[in-house]
Amino acid sequence: MATGKINVSVDNIFPLIKKFLYSDHEIFLRELISNATDATLKLKHLTAIGEAKVEYGNPIIEVKVDKKGKKLHVIDQGLGMTEEEVKKYINEVAFSGAEEFLNKYEDSAKDAGIIGHFGLGFYSAFMVAHKVEIITKSFKDEPAVHWSCDGSPNFSIEESDKKERGTEIILHIADDSTEFLEDSRISELLRKYNKFMPVPIKFGTKTETLPKPEGAKEDDPAPTKEVDNIVNNPNPAWTKQPTDLKEEDYKSFYRELYPMQFEEPLFHIHLNVDYPFNLTGILYFPKLTNDLNIQKDKIQLYQNQVFVTDNVEGIVPEFLTMLRGVIDSPDIPLNVSRSYLQADGAVKKISSYITRKVADKLNSLFKNDREDFEKKWNDIKIVIEYGMLSEDKFFEKADKFALYPTVDGAYYTFEELQEKIKANQTDKDDKLVILYASDKEAQHSYIETAKSKGYEVLLLDSPIIGHLMQKMETTKEKISFARVDADHIDKLIQKEDTQISKLSDEEKEKLKADLEAVFGEKSNYTVQLEAMDSDASPFVITEPEFLRRMKEMQQTGGGGMFGMGNMPEMYNLIVNTNHELVGEILNTKTAKKKERLINQSLDLAKLSKGLLKGAELTNFIKRSYEMVK
Ligand code: ADP
Ligand code: MG
């Protein structure tokens, strides 16, 4: 038996690395299985090019827990190592790699920014084991080797009588890491990191029920047999060519990724590039609600089919983190902080590639099956609107297919909308005024008033729409958005012809005084006398567009003015001086009757704006019954 000292400059770096990588101990299994996979795929390559004259067969990787012996085994049937190779790759390369890693990350490893710890490799076994053994037999005709190391830089190496080709790594699990002797914990890790690795991984066996033999009786038990429990799918959909996959394959892969998700995805996008970077993957559009706080972190990042993280921030543009699916790229640097990642040229290219692919897919859906696209619009609009807001490149593309639904269920692109409304909805300053509602029920009377003028009313109800309108108003020329209750109908879209008031200036003064006397101090209504059509409502409550939109924008974050969110609602009370009822209020002699008329009218206006509540509502009902009598 030979012994030696591993060539590292630090005397005992094992405890050190163990300590500061505490949160990530579990990655040792991913590392060992990655090595076993590499060794298997290397052998495959060597046999394919005729360099290794052995039968490749159907190799698998096996993970075994020996709870009694406190050992964990990882066994592969890959190319193995000769004694020379163990000395070189394990004693020198692996450990120097680990030391290099240590030097590089001693300070920054605690920085939450680091994703995973790729590059730690074989050495990570010592995070959970007090002793590690390697028994390996090369595909070359050389004796097997048994290497053993107890956690100090001292190792021993001797011949072994292992007959089969491949490598077995044995971890003697340390007392503080016995969780890794639990089947359930190992299963969980295999599911998390190795679900789609390219070589079949066996963990124990399972019982399979066989068909009953012919002539078996009704209540004879079906025969069973023990088979290997293979925990992974070595050929996940994203590694295949899109032409080899059917719609159903994409759906079943979605179920494989999210077994707890019962809703089907709306559509998928298959990503596949090899220049200037390598990237494959499948993204899915799930049904999204109007809730901005929906769970992100649903896209999984892989590197050559090894799970890395489900936090793709910085790699996938923010607005697409609401999607689901997988991306796999060997070109994403993993040992760096998030801020570095965002500045990395390759990562920037990846991010803009993904954005472009998503835009192209949406565009082709829109072009090829508009009806279906319209049906899905409500479930996908939040991603598109968010993308238009945050990425200018995406805005340019999406502007062609983003839809504007009307309250009556028609869908227009912006261009179509412009065409449709420009004749009737251009105001005296040549500005195109786009009317919208955010709630069909609550704003019903305002919608009806607008429609009676022949105006088109959109239904825009997503939480970030205010921000998008703001952006549209600044990027496009001469347009503005106004909610149907932002002003009274003649002012919403102001045309040349102004109405002549039936009231004289003195009468107006008196009317205003009468009204203010009844409203008193409490009111947050600004009274505005307007000469309108005699059949327009006598009293209308409006909410100016600008302030309301700023408030709403601030509630969904950013964009609005500081402190706006806390401001009280401000309303205008528009009084139509040409309405009969208003004339009656003015001319009523008895103070009591005047007050009643004013209160009743104000309450009706409040009612149609959804503002009449509580005691005010109770009083209104009481008063109304009195009047009905
Ligand atoms: P890396 O995988 O990044 O090269 P590791 O520290 O994980 O670094 O492994 C060091 C080297 O040890 C590998 O490059 C490989 O040559 C060798 N090795 C590790 N595990 C195995 C294995 N199961 N079979 C054959 N060789 C292995
Ligand atoms: Mg490795």
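**Notebook: helix 4, aromatic rings and Ser156**

I began with the outward side of helix 4, where the face turned away from the buried side carries the exposed residues Ser184 and Arg191. A reminder to myself: this is a predicted model.

Next I turned helix 4 (residues 183-193) around and looked up its buried residues, which are Arg185, Ile186, Leu189, Leu190 and Tyr193. Viewed down the helix axis, these buried residues fall within an arc of 135°, so they line one face of helix 4. I then asked myself what covers the buried residues of helix 4. The cover includes two strands earlier in the numbering, strand 2 (61-66) and strand 3 (71-76), along with helix 2 (27-48). Strand 8 (201-209) and strand 13 (306-309) are also part of that cover.

Tyr193 came up again when I moved on to aromatic rings. It belongs to one aromatic cluster with Phe196, Trp238, Phe253, Tyr302 and Phe307. I noted, too, that Tyr193 is among the buried residues of helix 4.

How many aromatic pairs does a search of the whole structure find? My notes say 21. I picked out Phe122 and Trp147, an edge-to-face pair with 5.8 Å centre to centre and 70° between the planes. This pair links distant parts of the chain, with its two residues 25 residues apart. Phe122 is in the loop between helix 3 (83-105) and strand 4 (129-137), while Trp147 is in strand 5 (residues 144-149). Both Phe122 and Trp147 are buried.

I then checked Tyr123 and Phe126. Their ring centres are 6.0 Å apart and their planes stand at 45°, so I logged the pair as tilted. Tyr123 and Phe126 are both buried as well.

Two charges over rings went into the notebook next. The charged end of Arg324 sits over the ring of Tyr258, 5.9 Å from the ring's centre. Lys471 lies over the face of Phe395, and here I wrote down 5.1 Å from the ring centre.

My last entry is Ser156, which I found in strand 6 (residues 154-160). Is Ser156 buried or exposed? Its relative accessible area is 14%, and because buried means under 20%, I put Ser156 down as buried. Leaving aside neighbours within four places in sequence, I listed the contacts of Ser156 as Met1, Ala2, Thr3, His146, Trp147 and Ser148. Trp147 is a name I had already met, as the edge-to-face partner of Phe122.

Notes:
Residues numbered from 1 in each chain as written. Chains lettered and ligands numbered in written order. Predicted model: local features only at pLDDT ≥ 70, side-chain atom pairs only at ≥ 80, totals over all residues. Heavy atoms only, no water. Helix = DSSP H or I, 4+ residues; strand = E, 2+ residues; numbered from the N terminus. Buried < 20%, exposed > 50% of the residue type's maximum accessible area, 1.4 Å probe, protein only. Contact = heavy atoms within 4.5 Å. Phe/Tyr/Trp six-rings, centres within 6.5 Å; stacked < 30°, edge-to-face > 60°. Lys NZ or Arg CZ within 6 Å of the ring centre and 35° of its normal. Arc of directions from axis to C-beta.
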